[in-house]
Amino acid sequence: MTTATENAVFAPPTDGRPLRKRLRNAERRRKLLYGCLILPLAVFLIVAFVWPIASLLARSVDNPEVHDNLPDTLAQLGDWSGKDLPPAPAFAAFARELEATKGSPALPAVANRLNREETGYRSLVMKTARKLPLEAGADPQAALIDIDERWGEPATWQAVRRAGGALTPFYLLAAVDRSVDADGQVVSVPADEAVYVDVLLRTFWMSLVVTACCLLLGFPVAYLMANLPAKHSNALMIFVLLPFWTSVLERVAAWIVLLQNEGLINRLLIATGLIDSPLQLLFNRVGVYVAMVHILLPFMVLPLFSVMKGISPVYMRAAISLGCPPFKSFRKVYFPQTLPGIGAGTLLVFIMCMGYYITPALLGSPQEQMVSYFIAFYTNQTINWGMAAALSAVLLAATLALYLVYARYLGPTRTQAGKAR
Amino acid sequence: MLQPYASPFERLWYVGLRLLVGLVLLFLLLPILVIVPLSFNSDTFLMYPMAGFSTRWYEEIFASPAWRQAMMNSLIVSPLATLLAMVLGTLASIGLVRTEFPGKALLTAILISPMVVPVVIVGVAMYIFFAPLGLTGSYTGLVLAHAVLGVPFVVTTVSATLQGFDFNLVRAAASLGANPVLAFFRVTLPLVAPGIISGGLFAFATSFDEVVVTLFLASPEQATLPRQMFSGIRENVSPAIAAVATILIVLSILMLITLEWLRRRNERIRSGRS
């Protein structure tokens with residue numbers, strides 16, 4: 001196998017094509033070859049990552065229960081005005097299709113789905129299914145109404161039709177504490193059922209606090225490291241990198257040891273006489289904040305350090321020599337130059353915080369659980385995948401929006417550019 | 001550093017800053033300082049003061065079938081996932097650096113995205129997607145998932161290394177008669193190897209510390225070390241956890257040293273060339 005370049009340069013022009021054209025072909029072939037190198041990874045990620053996530057997100061609007069199990073009924077209800085009772089074939093189709101679901105998981109699925117339209121429909125469907133099949137020759141309409149008189153009300157059939165769409169906004173609306181009422185209006189759910197807006201706000205708030213703490217603690221560390229001789233700053237860097245490389249779970253375990261009621265922190269505080277009885281530091285917000293700040297602090301220090309390393313000390317010296325007081329010249333001259341690093345660090349830490357699951361799950365009470373916990377809860381505990389998918393969609397949207405800001409304005413290439421300046 | 005003519009305010013600032021940074025670094029190191037001695041505690045409680053020195057917890061974890069299984073699983077899953085991520089990621093990085101095409105930015109974003117998407121979403125999505133394929137509760141599924149999570153680290157570090165790679169060297173090899181495959185193994189690979197190994201170490205560390213996706217995908221037989229630690233912490237924080245943690249700390253120190261060595265070697269080669 002000889003290379004394209006070799007042919008283009010050394011082979012005699014046998015086919016009469018102009019050299020420029022052959023060079024272009026060779027270049028195209030080279031590009032194609034290199035393009036093929038990307039292919040295996042692209043295919044792997046699309047199959048094992050992009051596709052699963054896309055199909056998860058699709059579940060947040062998926063509404064298969066009634067749509068797949070009662071197709072003929074829905075077809076019969078298609079032209080129905082909705083005012084009085086549906087046409088007789090609709091009753092017949094419903095009785096037949098509901099009977100077909102008996103003994104399979106489809107029946108409770110349909111019952112649960114209809115129950116979401118109106119409480120009480122689950123028992124209505126289960127009770128009706130038990131009395132099926134109808135006696136041979138019986139009028140399906142009369143027989144169904146005989147089983148339960150609610151089948152004689154147009155509202156019931158409207159609910160069936162409403163629940164029958166292939167797609168539903170239900171889960172996504174529920175993820176922001178909204179629902180659709182019988183008239184098709186989007187309304188807030190009753191206050192005692194509204195939980196997710198609180199959870200989202202809590203996720204945001206906790207991420208904000210952790211990010212702020214990381215910035216306050218990380219800024220002086222990065223500043224000192226950037227201004228020390230390389231020998232010393234490399235030593236300090238190891239202190240930052242070592243926790244960065246140790247396992248998250250190991251650090252969670254260590255914080256349990258430190259923060260428990262008989263732990264070192266409480267003993268120290270009691271020994272110094274600051275407190276008389278142990279403080280509750282674990283399984284509340286304090287413990288979660290401490291551990292999260294500890295885990296995320298290196299992610300703040302590293303971008304800050306790389307930006308500060310690129311700031312020439314000349315500017316500060318110039319400001320001071322021109323008579324600007326040290327603190328003011330720090331604020332007016334040095335600080336503005338660190339802004340790309342601050343932006344990159346805070347966004348990075350905030351994005352990571354929002355998806356946190358392990359630390360709050362192990363160190364927090366139910367009041368500290370963030371969106372991720374509820375996504376896991378709906379997947380594993382209640383098997384409500386629609387709800388897990390909708391919360392995932394909300395979390396993913398928030399994360400990607402912030403990441404786009406980061407990549408557009410503050411990404412690694414941008415901070416590198418700041419370094420070169 | 002501090003000039004003899006420094007004002008009292010400057011002296012205060014000098015000392016204050018160092019004190020503050022010292023406290024923050026202490027905060028960063030505290031968990032390691034606390035957990036390592038406790039792993040040698042002879043008592044059953046993970047608590048200070050220590051009762052006495054003993055290696056019983058190390059003996060215990062090496063004797064316990066659950067911990068041994070977890071170590072085995074971690075040593076099966078993480079290297080395989082790292083290898084997969086390294087091979088696919090390195091090939092793709094070379095392709096990305098050497099070509100321009102419409103949609104390249106989008107494709108790069110997709111290759112990096114496993115680093116950005118919250119890991120719970122990755123776990124849930126893979127669980128729901130893998131379950132009907134029979135890949136949940138299997139080593140294959142776990143290796144694939146961990147490889148996905150490691151890929152962005154390989155792609156970013158190898159791409160960064162390739163930015164400084166002189167592709168004229170490949171042309172020179174070709175002009176001397178090497179075919180592309182030979183040129184890759186004899187010229188490109190040795191020169192970008194530090195980047196590939198750093199990326200691989202990041203991928204390995206990610207996989208070796210991964211617990212969320214594992215929680216969703218692994219059955220008890222596939223429980224990895226972090227997964228086993230997770231249930232250990234949930235049930236009862238015993239010194240066995242501290243012993244496992246200490247082993248992991250030693251491992252991460254080794255990885256950190258390797259990485260630092262690679263970085264210096266890379267710097268030396270570059271400064272030598274220019």
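These are my notebook entries on a few features I looked up in this predicted model.

**Entry: where two chains cross**

I began with helix 11 of chain A, which spans residues 196-227, and helix 1 of chain B, which spans residues 8-38. Their axes come within 9 Å and cross at roughly 115°. I noted the crossing as left-handed. Then I asked myself which residues of the two helices meet there. On the chain A side I listed A:Leu217, A:Pro220, A:Val221, A:Tyr223 and A:Leu224. Across from them, helix 1 of chain B brings B:Trp13, B:Leu17, B:Arg18, B:Leu20, B:Val21, B:Val24, B:Leu25 and B:Phe27.

**Entry: a nonpolar patch**

Next I went to the surface and found a nonpolar patch of about 400 Å². A:Leu39, A:Val43, A:Val47 and A:Trp51 make this patch. I picked A:Val43 for a second look and placed it in helix 2 of chain A, residues 19-59. A:Val43 has 47% relative accessibility, so I put it down as partly exposed.

**Entry: salt bridges**

How many salt bridges are there over all chains? My search of the whole structure gave nine. As a reminder to myself, side chains of opposite charge can pair when their charged atoms come close. I wrote up some of the pairs.

The pair A:Arg30 and A:Glu27 has its closest N and O atoms 2.9 Å apart. Both residues sit in helix 2 of chain A, three residues apart, which is about one turn of the helix. I checked the cover on each: A:Arg30 is partly exposed at 22% relative accessibility, and A:Glu27 is partly exposed at 35%.

For A:Glu368 and A:Arg285, the closest N and O atoms are 3.4 Å apart. I then traced where this pair sits, and it links distant parts of the chain, 83 residues apart. A:Glu368 is in the loop between helix 18 (358-363) and helix 19 (371-380) of chain A, while A:Arg285 is in helix 15, residues 285-309. Is A:Glu368 buried or exposed? I have it as buried, because its relative accessibility is 5%, which is under the 20% cut-off. A:Arg285 comes out as partly exposed at 25%.

In chain B I looked at B:Lys104 and B:Glu100, whose side chains meet in a salt bridge at 3.3 Å, N to O. B:Lys104 counts as buried at 18% relative accessibility, whereas B:Glu100 is exposed, with a relative accessible area of 55%. I also marked a network in chain A, where salt bridges that share partners join A:Arg113, A:Glu117 and A:Arg162.

**Entry: positive phi**

I finished with backbone angles. Most residues other than glycine have a negative phi. I wrote down two residues with positive values.

A:Phe283 has a phi near 55° and is not a glycine. I found A:Phe283 in the loop between helix 14 (264-271) and helix 15 of chain A. Its relative accessible area is 44%, so I logged A:Phe283 as partly exposed.

A:Ile383 has a positive phi of about 50°, again in a residue that is not a glycine. Where does A:Ile383 lie? I located it in the loop between helix 19 and helix 20 (385-410) of chain A. With 52% relative accessibility, A:Ile383 goes into my notes as exposed, because the cut-off for that label is over 50%.

Terms used. Residues numbered from 1 in each chain as written. Chains lettered and ligands numbered in written order. Predicted model: local features only at pLDDT ≥ 70, side-chain atom pairs only at ≥ 80, totals over all residues. Heavy atoms only, no water. Patch = residues over 30% accessible without salt bridge, like charges linked within 9 Å, V, L, I, M, F, W, Y side chains within 5 Å. Areas by Shrake-Rupley, 256 points an atom, 1.4 Å probe, with all protein chains shown as cover. Salt bridge = Lys/Arg side-chain N within 4 Å of Asp/Glu carboxyl O. Helix = DSSP H or I, 4+ residues; strand = E, 2+ residues; numbered from the N terminus. Buried < 20%, exposed > 50% of the residue type's maximum accessible area, 1.4 Å probe, protein only. Axes fitted to C-alpha atoms, helices over the stretch in contact; angles between N-to-C directions. Left-handed = near helix turned anticlockwise from the far one by under 90°. Contact = heavy atoms within 4.5 Å.
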